[in-house]
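Dear colleague,

I am handing over the structure below, and my notes on it follow directly after it.

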Amino acid sequence: MGALGRMRIGPKIDDGGSATLHRASVPEWRMKAVFTTGEIAEICKISQQTVIRCFDSGRLKGFRVPGSKFRRVPRTELISFMKQNNIPIENLDSGKRRVLIVDDDPAIVDMLTDLLGRDGRFDVKSASNGFDAGALTKEYKPDVLLLDYLLPDVNGNVVCQRVRSDPELAHTKIIIVSGAVAPSELEKLRAAGADDFIKKPFDIEKLIERIAELCSSVY
């Protein structure tokens with residue numbers, strides 16, 4: 001870390017953010033997918049000039065906003081940069097949002113667990129049936145419940161009703177995932193407390209984006 005320096009010096013540079021120095025909240029950083037150089041300076045506790053030099057030299061990988069000079073860095077590249085330079089990632093990773101995946105298809109569970117885990121913003125647990133989902137939901141208190149509609153022992157609307165009847169889970173957002181659900185069933189799911197419905201097969205990037213959006217609305 002010595003070569004980067006730890007001192008924050010000088011005013012914030014206009015790189016697509018506010019012209020004044022502003023510290024984003026940790027929950028905002030926690031859920032962001034792309035960062036400005038000013039935000040990176042705050043997170044890494046280094047000067048924005050240092051961040052820009054690292055970006056321009058290729059040590060910090062990212063892209064420029066089309067049609068502008070503004071630099072942007074994807075979350076995965078920021079994490080890689082922080083690890084390479086021994087910068088603590090507490091501000092970025094502390095308080096990860098909890099996601100509970102409930103699906104009886106091991107391939108889907110494994111894929112989602114891996115991708116959400118590698119994203120860096122989420123702590124992930126899973127269950128394969130409604131009974132285990134009920135017990136784990138009470139214990140884990142997820143921010144987002146990713147729920148397959150057709151489980152071996154119960155349908156998704158029943159799980160929704162159970163979650164919504166528990167005051168301690170009032171913050172939990174529920175996404176129903178299924179291959180085929182009739183319009184009338186969708187209305188029942190929303191009435192039971194589902195926040196969104198995503199049809200299989202789904203676009204994984206859009207699903208992760210939706211999970212992040214719902215997590216951001218929790219607090």
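The protein exposes about 10900 Å², of which carbon and sulfur atoms supply 55% (Shrake-Rupley method, 1.4 Å probe). This is a predicted model, in which local features need pLDDT of at least 70 and side-chain atom pairs count only at pLDDT 80 or more, whereas totals for chains, interfaces and linings use all residues. Residues are numbered from 1 along each chain as its sequence is written, and side-chain values use heavy atoms, with hydrogens and water left out.

Of the 219 residues in the protein, 46% are buried (under 20% relative accessible area, 1.4 Å probe, protein chains only). The secondary structure comprises 10 helices and eight strands, taken as DSSP runs (H or I of at least four residues for helices, E of at least two for strands) and numbered from the N terminus.

Strand β7 (residues 173–178) runs parallel to β8, and four bridges join them (pairing requires at least two DSSP bridges); within this pair, V177 stands opposite I198 in β8. Along β8 (residues 196–199) the side chains alternate, with D196 and I198 buried on one face, while F197 and K199 point to the other and are not buried.

The largest nonpolar core has 21 residues, among which V102, L145, L147, V159, C160, I174 and I176 touch the most other members; such a core is a set of buried Ala, Val, Leu, Ile, Met, Phe, Trp, Tyr and Cys residues joined through side-chain atoms within 4.5 Å. At least two residues of this core come from each of β4 (97–102), α7 (130–140), β6 (144–148), α8 (156–164), β7 and α9 (183–192). A second, separate core of 20 residues includes F122, L146, L207 and L214.

Best regards

Definitions and conventions: Buried means under 20% relative accessible area, exposed over 50%, partly exposed in between (1.4 Å probe, protein chains only).
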